[in-house]
Amino acid sequence: MKALLLENIHPLAVEILEGRGFEVELLTHSMSEDELVAALPGVSLLGIRSNTNVTARVLDAAPDLLAVGCFCIGTNQVDLPGAAERGVAVFNAPFSNTRSVVELVIGEIIVLARRLAEKTEKMHAGIWDKSAQGSHEIRGRTLGIVGYGNIGTQLSNLAEAMGLRVIFFDTADRLAHGNAQRMKTLDELLERADVVSLHVDGRPGNAGLFGAEQFAKMKPRSLFINAARGMVVDTESLREHILSGHIAGAAMDVFPIEPKAQGDPFESPLRGLDNVILTPHVGGSTQEAQEEIGYFVANKLAGFALEGRTELSVDLPTVSAPALQTGHRLGYLHDNVPGVLAAVNQLIAEAGANVVGQYLATTGELGYVVTDSTEAIPTEVVAALAANEHCRWVRTWDV
């Protein structure tokens, strides 16, 4: 089977997949929709990061595609309902780059509070500006975290250890870490925070979350950081509030429109502003994070393709089947309707196969069952399951 990895995914992913028997093509750039349509026939596994979009048209043009690996946190670049409809598993790395993003944000808080971006720019221009004006310690300041998931909670822990007071807002019910305080509304957080840091996901409802109204409600001379998703923030409004002096500084790692490849021109209304840090979507781009992501996602892709395992899939039912050491396995993805499991077991029993393990789960409209047996599942059983009106796909594996 062939794996196509885009956007300079860590070489460890190549090593893992080749070690499991895949033919791997590694490219440093992303692909457009037309390029993917042309490239995916014959490809079983596709690995991407944040700049490649897997649309319904792409999925329709990929009859051999088994799974998509997002070698990053987000999955909004993939048509998840479309992938699920076609039985294509999608995996991501929800934890692997958490520490890297948090360390970047902590560094940016310090750099912004001390106005180091402005100081270093003047030094490079030959200007000696030794002044404490506008420069502050972060100790005792209040950090407002919007989105208290994996990254938000770890940021909360590190920030509190450095002497920051932490408040947070999340629409989900999240347990507060340490002395962090939950705010009932976003407005309450904006009124109290000296630094606002965004850590929300890329769901459509978060588009335009932060605009002129939200910036106006922030404390005068507060700081703003976005290392979440570019589409969440209205950068024109941020520019206006920085130029007016209401926002004292900002750090942006993600943008509504980002270049597709290394060296492409970057445009933003935030370019050229004092005390604004602009980084090219590198929150999770450390050697440690990329290696861990490569290891994690590559193993998920191989585990699904070679053993039918769907642990941590974001679109298919999650079945935590053990690694297949010896014997035979049947995977059956089907419509979530009554009677399917009974029909599977009846066919297997009539064939005389000895079942030694069965693992199943349902998610929405889909059900997935993995059955391990000591004997190979007869081809007529596989054919009968495939002919069932509720079958999405049926596969077998043998060790």
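In this predicted model, helix H7, formed by residues 150-161, lies across strands S6, S7 and S9 and runs at about 175° to S6. The strands that H7 crosses belong to an open sheet of seven strands, whose order is S8-S7-S6-S9-S10-S11-S12 and whose pairing is parallel. Strand S8 (181-182) and strand S12 stand at the edges of this sheet, and each has a single partner strand, so one side of each is left without a neighbour in the sheet. Helix H5, which spans residues 98-113, also packs on the sheet, where it touches S6, strand S9 (195-198), strand S10 (222-226), S11 and S12; the direction of H5 makes about 150° with that of S10. Within the sheet, strand S6 (residues 142-146) and strand S7 (residues 165-169) run parallel and are joined by five bridges, and Ile 145 stands opposite Phe 168 in S7.

According to UniProt, in an unreviewed entry, residues 108-283 are covered by the annotation "domain: D-isomer specific 2-hydroxyacid dehydrogenase NAD-binding". This span of residues 108-283 is 28% helix and 17% strand, and its end C-alpha atoms lie 11 Å apart. A further UniProt feature, again from an unreviewed entry, is "domain: D-isomer specific 2-hydroxyacid dehydrogenase catalytic", placed at residues 4-309. For residues 4-309 the content is 35% helix and 16% strand, with the end C-alpha atoms 20 Å apart.

Another open sheet, of five strands, has the order S2-S1-S3-S4-S5, and its pairing is likewise parallel. Its edge strands are strand S2 (23-26) and strand S5 (89-91), each of which pairs on one side only, and the twist from one strand to the next averages 15°. Strand S4 (residues 67-70) is joined to S5 by three bridges, the two strands running parallel, and Val 68 stands opposite Val 90 in S5. Helix H11, made up of residues 287-307, lies across strand S3 (43-48), S4 and S5, and runs at about 170° to S4.

With respect to aromatic side chains, a search of the whole structure finds eight aromatic pairs. One of these is formed by Phe 255 and Phe 266, which meet edge-to-face, with 4.8 Å from centre to centre and 65° between the planes. Both residues lie in the loop between strand S11 (247-252) and strand S12 (276-278), and the pair therefore ties together parts that are eleven residues apart in sequence. Phe 255 has a relative accessibility of 7% and counts as buried, whereas Phe 266, at 25% relative accessibility, counts as partly exposed. Elsewhere, Phe 91, Phe 304, Tyr 368 and Trp 393 form one aromatic cluster. Trp 393, a member of that cluster, has Arg 395 lying over its face, at 3.7 Å from the ring centre.

For residues 332-372, UniProt gives the feature "domain: Acetolactate synthase small subunit-like ACT", which also comes from an unreviewed entry. The span of residues 332-372 is 27% helix and 49% strand, and its end C-alpha atoms lie 12 Å apart.

Note on methods. Residues are numbered from 1 along each chain as its sequence is written. This is a predicted model: local features need pLDDT of at least 70, side-chain atom pairs count only at pLDDT 80 or more; totals for chains, interfaces and linings use all residues. Side-chain values use heavy atoms; hydrogens and water are left out. Rings of Phe, Tyr and Trp (its six-membered ring) pair if their centres lie within 6.5 Å; planes under 30 degrees apart count as stacked, over 60 as edge-to-face and the rest as tilted. Helices (H or I, at least four residues) and strands (E, at least two) are DSSP runs, numbered from the N terminus. Buried means under 20% relative accessible area, exposed over 50%, partly exposed in between (1.4 Å probe, protein chains only). A charge sits over a ring if NZ of Lys or CZ of Arg is within 6 Å of the ring centre and within 35 degrees of the ring normal. UniProt positions are given in the numbering used here, feature names are shortened, and annotations may be inferred rather than shown by experiment. Two strands pair if DSSP finds at least two bridges between them. Contact means heavy atoms within 4.5 Å. Axes are lines fitted to C-alpha atoms, for helices over the stretch in contact, and angles run from 0 to 180 degrees between N-to-C directions.
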